[in-house]
Amino acid sequence: MDPPERQIKPPYLRRASSASPEKSYYRPLHNRTSSSAAATSKKVDHGYILGDAARPSDVNIFQSVDEHVAAVQQLSKGGHCFILRSDFSFTYALVIKHEVGGMLEVQVTEEGGTKSIPRDHWGKYIRTLNTGDS
């Protein structure tokens, strides 16, 4: 009996590998679909859609954890960031709720998948976008 044929996804549907994000394929802008919240955001989006893997040049680097947490604290509803996923890659996400107590809720997929990250985990699980302002 022959093994079942393996379906190979076209490059624009493949997810980026966490091992080498710089070699990852990014979907072209003309295939882009966005949620209404993402469309109204005034943040720089660098051509990403929700779920796209982060390019290293688009991630802010901070000198200390305190600076990093302060930058995450500045995120507001409708803003964008990168979130650590279970495959150890950081992917583009939309901030949908930022509670005063320190919980940040983000939408991680176009289908509506969300993650909630408590403040004490921001340094590990959240990265901010490099907007070129700093």
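The following dialogue examines a predicted model of a protein chain.

Student: How many helices and strands are there in the protein chain?

Tutor: Read along the sequence, the elements of the chain follow the pattern α-α-β-β-β-β-α-β. Each α in this pattern stands for a helix and each β for a strand. The totals are three helices and five strands.

Student: What percentage of the residues in the protein chain is buried?

Tutor: A residue counts as buried when its relative accessible area is under 20%. The protein chain has 134 residues, and the buried share of them is 34%.

Student: What share of the exposed area do carbon and sulfur atoms supply?

Tutor: The protein chain exposes about 8800 Å². Of this area, the part supplied by carbon and sulfur atoms is 52%.

Student: What share of the contacts with a separation of 6 or more joins residues 24 or more positions apart?

Tutor: The contacts considered here are those in the protein chain with a separation of 6 or more. Among these, residues 24 or more positions apart account for 54%.

Student: Which elements each supply at least two residues of the largest nonpolar core?

Tutor: The largest nonpolar core has 13 residues, and those with the most contacts inside it include Leu75, Cys81, Trp122 and Ile126. The elements that each supply at least two residues of this core are helix H2 (65-73) and the strands E1 (80-84), E2 (90-98) and E3 (104-107).

Student: Which residues does leucine 75 touch, not counting residues up to four places away in sequence?

Tutor: Leucine 75 is among the residues with the most contacts inside the largest core. Cys81, Leu104 and Ile126 are also listed among those residues, and leucine 75 touches each of these three. With residues up to four places away in sequence not counted, the full set touched by leucine 75 is His80, Cys81, Val95, His98, Leu104, Ile126 and Thr128.

Student: How many residues does the second, separate core have?

Tutor: This core is separate from the largest one, and its members include Tyr48, Leu50, Phe82 and Leu129. Its number of residues is 10.

Student: Why is the pair of tyrosine 48 and phenylalanine 82 edge-to-face?

Tutor: The structure holds three aromatic pairs. In the pair of tyrosine 48 and phenylalanine 82, the ring centres lie 5.3 Å apart and the planes stand at 75 degrees. Planes over 60 degrees apart count as edge-to-face, so the angle that decides the matter for this pair is 75 degrees.

Student: How many residues apart in sequence are the parts that this pair ties together?

Tutor: Tyrosine 48 is buried at 1% relative accessibility, and phenylalanine 82 is buried at 0%. Tyrosine 48 belongs to the loop between helix H1 (36-40) and H2, whereas phenylalanine 82 belongs to strand E1. The parts tied together are therefore separated in sequence by 34 residues.

Student: Which residues do ring pairs link into a cluster?

Tutor: Tyrosine 48 and phenylalanine 82 form an edge-to-face pair. Ring pairs join these two with a further tyrosine, and the cluster consists of Tyr48, Phe82 and Tyr92.

Student: Is aspartate 58 buried or exposed?

Tutor: The side chain of aspartate 58 meets that of arginine 55 in a salt bridge of 3.1 Å, N to O. Arginine 55 is partly exposed at 24%. Aspartate 58 has a relative accessible area of 6%, and this residue is therefore buried.

Student: How far apart are the closest N and O atoms of glutamate 99 and lysine 97?

Tutor: The count of salt bridges comes to two, and one of them joins glutamate 99 with lysine 97. Glutamate 99 is partly exposed at 37%, and lysine 97 is partly exposed at 40%. The closest N and O atoms of the two residues are apart by 3.8 Å.

Student: Which backbone oxygen lies 2.8 Å from a polar atom of the side chain of glutamine 107?

Tutor: Glutamine 107 is placed in strand E3 and counts as buried at 13% relative accessibility. Its contacts beyond four places in sequence include Leu50, Ala93 and Gly112. The backbone oxygen in question, 2.8 Å from a polar side-chain atom of glutamine 107, belongs to threonine 109.

Student: Is phenylalanine 88 buried or exposed?

Tutor: Phenylalanine 88 is found in the loop between E1 and E2. Its phi is near 70 degrees, a positive value in a residue other than glycine. With a relative accessible area of 65%, phenylalanine 88 is exposed.

Key. Residues numbered from 1 in each chain as written. Predicted model: local features only at pLDDT ≥ 70, side-chain atom pairs only at ≥ 80, totals over all residues. Heavy atoms only, no water. Core = buried A, V, L, I, M, F, W, Y, C linked by side-chain atoms within 4.5 Å. Buried < 20%, exposed > 50% of the residue type's maximum accessible area, 1.4 Å probe, protein only. Helix = DSSP H or I, 4+ residues; strand = E, 2+ residues; numbered from the N terminus. Contact = heavy atoms within 4.5 Å. Polar contact = N/O pair within 3.5 Å; in protein donor to acceptor, adjacent residues only side chain to side chain. Areas by Shrake-Rupley, 256 points an atom, 1.4 Å probe, with all protein chains shown as cover. Salt bridge = Lys/Arg side-chain N within 4 Å of Asp/Glu carboxyl O. Phe/Tyr/Trp six-rings, centres within 6.5 Å; stacked < 30°, edge-to-face > 60°.
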